[in-house]
Amino acid sequence: MLNNCTKCGVSTELNLSFTADSFACPGCGSHYTLDKGEWVFRNMFKTKPTETALKVGAKGVLKGISYTVSGVIVKCAYRNFFWNEYILQDGKGNFRFLSEADGHWIFLEEIPEVFKISNHPKTIEYKGQVYDLYDYTTTHIAGAAGFFDFRLSDDGIQMDEFINPPYIISVESMNGKTSTYFGEHINPREVKKAFDLPYIRSRVGIGLVQPQPVDTRLMAMIFCVSIILMFITHVFIYSGQSEQSVLNTALVPDSKDFTSPSFELKGGSAPLSVFVNADVDNSWANIQVALVDEKTSDEVYASKDVEYYHGYTDGENWSEGSTGDRFNICGVSAGKYHLVITPQIAADNFSTKSVSVRAVWNEPSTRNVWLPAIFMGVIVLAFFYYNKNFETRRWADSANSPYKE
């Protein structure tokens, strides 16, 4: 269809699969209606859709279907909130719609369902899902461009919006006709790619049905299953495993290296705890330990100081340190090992005659299960509060917000 605007002279030509009833000039915003086969000027829209992302006649492939933009409508609510709606037609004459507000996009289609909304119910149900009333208001057409198979209303359009992100149901009443639309959030990058746009406006704030970044319910379920599996695995691996003493001896300081008898560990990995005691008095003692894997000759080294000091200063007794201490060699797996221990004392330490060393391969702790479980719990809790804040921001402009006190 070809239409020449009588006000600005701009020609608009579009191959339509429907009979147009209204036309708005993309150049100047002049509004025409078809009367007895002739286009009759009605009025001029104050808002020109010159900053819309998609222009009349733009072509693109969305959801695997080729569409042509046959019309653009700029709607206004509350006098200062504007958004764009794009009417798409495919080759078979079917219509789809794109709604764009503050860089957020919704892909919609008309559905036959009829809802009783005369009293603006708080919720409606569609295909087993509950949708919450976000807003009901009267909107106006502030601007338009392209061809339309309906009369562009000069009066207000009553609109009720119910959301269950990322989905929306919008019920609109215009020219005495009520239509219901089902929509879904669509990523702006998908629109940009579909219509080969060089630029698309960045999103501002939270979109009406923009999905939450993280599904905390799904995350919690996955984490719970993971924790249960970790506990089951822990019980299976370490069932029947108990504490095993591998060394208990007293060593003479500054003697040659002590090599323990070989010992064999059976079961899952667990820490090897080494306990050191020395009768130090205002001095220190030290042991150096090497755990040697007799199969691979791999060695793990560790060192520990035992220090104990005390005295009397400014009328008060004081002390620090201890004559005993312990340390762990973590993650010692099953196998055959021996220990190489070197004891040392300070040069002026004449009180320490021996250093006692005891090594125990511990009964495995559930700490390796509880720590990840606590970490997962913290993550879930953090995202729970993040998503709550996300929803609070989404509903900030709604009089029906469940987050308002």
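Which backbone nitrogen lies 3.5 Å from a polar atom of the side chain of His104? Select His104 and look for Gly207: the nitrogen belongs to its backbone. That pair is a polar contact (N or O atoms within 3.5 Å; within protein, one must be able to donate a hydrogen and the other to accept it, and residues adjacent in sequence count only if both atoms are side-chain atoms).

Before you click on, remember that this is a predicted model, where local features need pLDDT of at least 70 and side-chain atom pairs count only at pLDDT 80 or more, while totals for chains, interfaces and linings use all residues. Residues are numbered from 1 along each chain as its sequence is written, and side-chain values use heavy atoms, with hydrogens and water left out.

**Stop 1: around His104**

Stay on His104, in strand β10 (residues 104–111). Strands (E, at least two residues) and helices (H or I, at least four) are DSSP runs, numbered from the N terminus. His104 is buried at 8% relative accessibility. Buried means under 20% relative accessible area, exposed means over 50%, and partly exposed is in between (1.4 Å probe, protein chains only). Leaving aside neighbours within four places in sequence, His104 has contacts (heavy atoms within 4.5 Å) that include Ser99, Arg203 and Gln210.

**Stop 2: Val360**

Next, select Val360 in strand β25 (residues 355–361). Val360 is buried too, at 2%. Now add Pro271: the two residues are 89 apart along the chain, yet their C-alpha atoms are separated by 8.5 Å. Val360 touches Pro271, and among its other contacts are Glu243, Val246 and Phe275.

**Stop 3: salt bridges**

A salt bridge is a side-chain nitrogen of Lys or Arg within 4 Å of a carboxyl oxygen of Asp or Glu, and the count here is nine. Show Arg42 and Asp154, whose closest N and O atoms are 2.6 Å apart. Arg42 sits in strand β5 (residues 38–44) and Asp154 in the loop between β12 (129–148) and β13, so this bridge ties together parts that are 112 residues apart in sequence. Arg42 is partly exposed at 36%, and Asp154 is partly exposed at 45%.

Then pick Lys75 and Glu172, with 3.1 Å between the closest N and O atoms. Lys75 belongs to strand β7 (residues 65–77) and Glu172 to strand β14, so the pair links parts 97 residues apart in sequence. Are these two buried or exposed? Lys75 is buried at 3%, and Glu172 is buried at 14%.

**Stop 4: cysteines**

How many disulfides does a search of the whole structure find? Zero. A disulfide needs two cysteine sulfur atoms within 2.5 Å. Zoom in on Cys8 to see why its sulfur has no bond: the closest cysteine sulfur, in Cys25, is 3.5 Å away, which is too far.

**Stop 5: backbone oddities**

Select Pro165 and Pro166, joined by a cis peptide bond with omega of about 10 degrees. Pro166 is in the loop between β13 (157–164) and β14 (167–174). Now jump to Asn282, which has a positive phi of about 55 degrees although it is not a glycine. You'll find Asn282 in the loop between β19 (270–278) and β20 (283–293). Asp314 also has a positive phi, near 50 degrees, and it is exposed at 76%.
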